[in-house]
Structure formats: structure tokens, C-alpha cells
Amino acid sequence: MVTMLTQTARLLARFPVLSSPHAKLMNYMAAKEKKPKEPMPPLKDWLPSVALGWLIPGGGHFLLKRRVRGTLLLCAVALTFLFGLMMRGVLFQPKTGDLLTTIIYCGGFLGNLASGIFYLLTVWLGYAQPDVAGHVHDYGTKFLVTAGLLNVLAMVDAFEIAARRKS
Amino acid sequence: MPKVNLSHFEAALLFAFFTSIVLGVVTKKTDRERLMYGLKSFGYFLLALLSIGWLMRLGHG
């Protein structure tokens with residue numbers, strides 16, 4: 001199938017008159033099918049850096065000797081979380097009910113949890129902010145979740161570096 | 001823990017700043033590309049912030 005598509009693509013390249021939308025689609029499919037799917041790297045290559053990256057934001061990058069990027073990620077995630085706390089944001093507890101409630105509370109909890117050591121320390125030290133009205137509290141809640149989501153991006157980056165998909 | 005009281009604009013600006021740093025660091029391949037992407041991302045955040053802010057103000061009348 002791949003060979004046939006490749007041959008069709010070559011033929012179309014030689015005769016531009018055949019470049020109809022259908023031919024373009026065939027060409028696109030041939031180009032797409034040529035890309036082999038990257039195999040999953042062994043677990044021991046990436047798990048330590050991703051796990052450390054979760055626990056300490058930027059830690060995965062430190063483990064992989066990307067110190068400047070690790071420092072930037074650590075500062076960005078830590079300051080986002082710290083501002084969230086100083087704005088008295090709310091930490092989500094997983095709660096189920098209707099679909100929207102489940103998505104917001106479980107998603108928010110996972111977002112909070114992704115901050116790693118910052119979330120764990122905050123809970124262990126007894127931070128419990130009730131949900132009150134006000135734009136500053138609202139921003140604080142969003143900052144706390146965003147810190148976790150930024151750390152997820154950092155963990156994905158650490159995975160790609162550990163898997164040698166990027167430098 | 002001290003409490004901070006930020007305006008909408010200040011809070012959104014801080015959000016844009018930290019998010020742009022992370023987006024710049026994780027997205028591109030060279031340091032120059034990372035810096036440019038971070039600045040561009042921050043600029044887009046700012047643009048969206050001001051545009052939507054004005055839109056809401058004008059919408060309210």
C-alpha cells in the first residue's frame with residue numbers, strides 16, 4: 001500500500017497536470033504513511049526524570065543536565081504556585097456529581113496534584129482556604145491549577161529529552 | 001503567608017509572564033528560538049488581554 005502510494009506520488013510529481021485535489025490528497029497520504037511511528041523508549045530511560053520532574057518541578061531537567069532550563073521551570077512553577085497561595089486560592093478536592101462538577105473538581109484536583117512537592121507541602125502544612133467570592137481568590141485558584149499544568153508541560157519536555165527526541 | 005491583592009490586569013500579566021517562560025522553555029530547540037517564542041507568546045497574551053478587556057468594556061456600554 002505504501003509503495004503504491006509512493007509510486008503514485010512520484011508519478012504526480014512528474015506530471016503536474018495531474019495535480020487535481022484528489023491527486024494532492026493521494027500525495028499527502030503517501031507522505032503521511034511514510035513516517036514510521038516512533039517506538040516507546042524503555043521505561044528506565046525516562047521514568048526517573050519524569051518522576052523527579054513531577055516531585056520537584058524542573059528536577060527532570062536537572063537530572064538530564066539541563067540546568068538553566070530546569071532553573072527557569074522551577075522558578076516559573078514555584079512562583080505561580082506561591083502567588084496562588086498568596087492570593088488565597090482554593091485547592092480542589094475530588095468530587096463527583098453531574099458531568100461538569102466531576103470535570104471541574106477532579107480536573108482541578110489533578111492540576112493541583114501535578115505541582116508535586118509544592119502541593120504536598122501545602123496540604124501537609126494544613127493550608128485550607130474556603131471558597132469565597134472575589135476576583136483575587138478566583139485568580140489564586142487558577143494560579144494553583146496552572147502551576148500544576150505548567151509542570152505537566154515540563155514533565156513532557158523531560159520525557160522527550162530523556163527519549164532523545166529533542167536536545 | 002502574606003496576602004496579596006492584585007488587580008485583574010496585574011494578575012493576568014503575572015499569569016502571562018510565567019506561562020510564557022514555560023512555553024518558551026519547552027517548545028523550541030535553540031535558546032534564541034526559545035527566547036523569541038517566549039516574547040512572542042507574552043506579546044500575544046498581552047494583546048488578547050487588552051483586546052478582550054476593551055471588548056468587555058465596550059460591550060457593557
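What share of the 167 residues of chain A count as buried? The answer is 35%. Keep in mind that this is a predicted model. Its scores are ipTM 0.91 and pTM 0.82. Chain B averages a pLDDT of 93, and 100% of its residues score at least 70.

Let's start with chain A. Its secondary structure comes to 8 helices and 0 strands. Read from the N terminus, the order is α-α-α-α-α-α-α-α. Now look at the contacts in chain A with a separation of 6 or more. Residues 24 or more positions apart account for 68% of them.

Here is one pair to find on the screen. A:V152 sits in helix α8 of chain A. A:V152 and A:G53 are 99 residues apart along the chain. Their C-alpha atoms are separated by 8.7 Å. Is A:V152 buried or exposed? Neither label fits. A:V152 is partly exposed, because 17 other C-beta atoms lie within 10 Å, and buried would take 20 or more.

Next, the core. The largest nonpolar core has 36 residues. Among those with the most contacts inside it are A:L73, A:V77, A:A154 and B:V22. So you can see names from chain A and from chain B in that list. Which elements supply at least two residues each? From chain A, they are α3 (43–55), α5, α7 (117–124) and α8. From chain B, it is α1 (8–27). The largest share, 11 residues, comes from α8(A). As background, nonpolar side chains in soluble globular proteins tend to be buried together.

Zoom in on A:A154. Leave aside its neighbours within four places in sequence. What is A:A154 in contact with then? In chain A, the partners are A:G53, A:P57, A:G58, A:L73 and A:V77. In chain B, they are B:V22 and B:V26. Two of these partners, A:L73 and A:V77, also appear on the list of core residues with the most contacts.

Now the two chains together. How many residues are in contact? On one side there are 22 residues of chain A, and on the other 17 residues of chain B. On the side of chain A, the elements giving two or more residues are α5 and α8. By class, that side has 14 nonpolar, 4 polar and 4 charged residues.

Over to chain B and its helix α2, residues 31–60. This helix has 30 residues. From its first C-alpha to its last, α2(B) reaches 43 Å. That is close to the 44 Å expected at 1.5 Å a residue. How many of its residues are buried? The number is 1, so α2(B) lies largely in the open. Right after α2(B) comes B:G61, with a positive phi near 85°.

Last, two more positive phi values, this time in residues that are not glycine. A:K65 has a phi of about 65°. You will find A:K65 in the loop between α4 (59–63) and α5 (67–86) of chain A. A:K65 is exposed, because only 8 other C-beta atoms lie within 10 Å, and the cut-off for exposed is 12 or fewer. The other residue is A:R164, with a phi near 60°. A:R164 is in the segment after α8 (135–162) of chain A. A:R164 has 10 C-beta neighbours inside 10 Å, so it counts as exposed too.

That's the tour. Any questions can come now.

Note on methods: Residues numbered from 1 in each chain as written. Chains lettered and ligands numbered in written order. Predicted model: local features only at pLDDT ≥ 70, side-chain atom pairs only at ≥ 80, totals over all residues. Helix = DSSP H or I, 4+ residues; strand = E, 2+ residues; numbered from the N terminus. Expected span 1.5 Å × (residues − 1). Contact = placed C-beta atoms within 7 Å. Nonpolar A, V, L, I, M, F, W, Y, C, P; charged D, E, K, R; others polar. Core = buried A, V, L, I, M, F, W, Y, C linked by C-beta atoms within 7 Å. pLDDT = per-residue confidence, 0-100.
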